[in-house]
Amino acid sequence: MLSNMTMGQYYPVDSPIHRLDPRTKLLLTIALIVAVFLVKTLAGYLLILGFIYLAARLARIPFRMLLKGLKPLRLIVLFTFVLNLFFTAGEQVLLEIWVIRMTREGLRQAVFYSLRLVFLVLGTSLLTLTTSPVALSDAIELLLSPLKRIHFPAHELAMMMTIALRFIPTLLDETDKIMKAQMARGADFESGNLISRARAMVPLLVPLFVSAFRRAGDLAMAMESRCYHGGEGRTRFRVLKFTRADLAAAGAMLLLLALVVLERIYL
């Protein structure tokens with residue numbers, strides 16, 4: 001299950017999406033999140049799904065790879081669906097058994113909230129799969145650079161966010177290795193009820209935290225040995241520049257937002 005996590009991983013291929021400015025991709029991802037929260041009908045969600053599918057094709061990323069990243073979150077999506085299905089008040093009752101009550105409004109909200117969570121994961125996964133951690137760090141820093149006038153640590157914040165994002169697949173791989181090592185010694189992580197599985201996961205936490213702190217110490221030592229002292233006086237080997245492709249991508253996103261707004265008004 002842990003090997004299916006795609007968020008935080010980079011898929012190195014040459015594509016029009018990979019060649020976009022990372023600032024453009026970051027802003028477009030934020031705009032996509034806004035569009036997801038504006039949608040109120042199934043037609044709007046189909047529109048966003050088509051946009052994400054087209055972007056994945058242009059990025060030369062198999063759409064199955066994006067969908068595979070949803071597997072570790074299926075329990076969260078299922079919990080969101082059930083919670084909204086049975087605990088949303090409404091007038092049109094579809095099913096009522098003892099204290100269990102399902103309404104039409106609850107069903108609609110459960111479907112929409114679950115789809116919203118799915119599209120948020122697909123959009124952010126597409127960003128990390130097409131943008132290297134270094135480029136993403138530069139994009140975050142440059143977008144936050146106007147805040148340096150009020151002494152906001154833009155570089156340090158961008159560095160922390162990038163390191164945290166980069167360590168997601170690393171920690172997942174480490175967790176998978178620890179699980180396989182303990183399963184080889186007789187540990188059981190799959191049988192039993194939910195509480196039993198949660199208790200079985202407790203022995204994973206100690207070696208995982210030890211490994212995480214060890215990696216953090218090695219990273220800090222490596223940065224100090226390379227005379228890293230924050231963003232003061234730092235230069236870049238590759239200077240980011242906007243191109244016509246970035247304008248075309250921005251235009252496509254503006255078109256999507258316009259269609260979503262029209263769908264929200266008229267449908």
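Pro133 counts as partly exposed in this predicted model, because its relative accessibility is 28%, a value that falls between the 20% limit for buried and the 50% limit for exposed. This proline lies in helix α6 and belongs to the group of residues closest to the centre of the largest pocket. That makes Pro133 a handy place to start a tour of the model, which then moves on to the pocket, the domains, the hairpin and two loop residues.

**Around Pro133**
- Leaving aside residues up to four places away in sequence, Pro133 touches Thr162 and Arg166.
- Pro133 and Thr162 are 29 residues apart in sequence, and their C-alpha atoms are 5.9 Å apart in space.

**The largest pocket**
- If you plan to look at cavities and grooves, here is the figure to note: the largest pocket has a volume of about 860 Å³.
- Its lining is made up of 34 residues, and the ones closest to the centre are Pro133, Val134, Ala135, Ser137 and Asp138.
- Four helices give two or more residues each to this lining: α1 (22-38), α6 (133-144), α7 (154-184) and α8 (194-225).
- Sorted by class, the lining holds 16 nonpolar residues, eight polar ones and ten charged ones.
- Where does the largest pocket lie with respect to domain 1 and domain 2? Both domains give residues to the lining, so the pocket lies between them.

**Domains**
- The domain assignment splits the protein chain into domain 1, built from residues 2-131 + 241-266, and domain 2, which covers residues 154-225.
- From the C-alpha centre of domain 1 to that of domain 2 is a distance of 27 Å.

**Overall architecture**
- You will find nine helices and two strands in the protein chain.
- Read from the N terminus, the order of elements is α-α-α-α-β-β-α-α-α-α-α.
- The C-alpha trace spans about 65 × 55 × 40 Å along its principal axes.
- Of the 267 residues in the protein chain, 34% are buried.
- Taking contacts between residues at least 6 apart in sequence, 72% join residues at least 24 apart.

**The β hairpin**
- Strand β1 (residues 93-97) and strand β2 (residues 100-103) run antiparallel, and four bridges join them.
- One pairing to look for is Leu95, whose bridge partner in β2 is Met102.
- Two residues sit between the strands of this hairpin, where Trp98 takes a positive phi near 55°.

**Loop residues with positive phi**
- Which loop holds Arg60? Arg60 is placed between α2 (42-58) and α3 (63-68).
- The phi of Arg60 is near 60°, which is a positive value in a residue other than glycine.
- Arg60 counts as exposed because its relative accessible area is 53%, and the cut-off for that class is over 50%.
- His151 also has a phi near 60°, again positive in a residue other than glycine.
- The loop between α6 and α7 is where His151 is found.
- Is His151 buried or exposed? With a relative accessible area of 74%, His151 is exposed.

Conventions
Residues are numbered from 1 along each chain as its sequence is written. This is a predicted model: local features need pLDDT of at least 70, side-chain atom pairs count only at pLDDT 80 or more; totals for chains, interfaces and linings use all residues. Side-chain values use heavy atoms; hydrogens and water are left out. On a 1 Å grid over the protein atoms alone, a cavity is a set of points where a 1.4 Å probe fits but cannot get out, and a pocket is an open set with protein on both sides within 12 Å along at least five of seven lines; lining residues have an atom within 4 Å of a point. Grid points are joined across faces, edges and corners, and a volume is the space filled by probe spheres set on the points. Ala, Val, Leu, Ile, Met, Phe, Trp, Tyr, Cys and Pro count as nonpolar, Asp, Glu, Lys and Arg as charged, and the others, Gly among them, as polar. Domain bounds come from an automatic or database domain assignment. Buried means under 20% relative accessible area, exposed over 50%, partly exposed in between (1.4 Å probe, protein chains only). Contact means heavy atoms within 4.5 Å. Two strands pair if DSSP finds at least two bridges between them.
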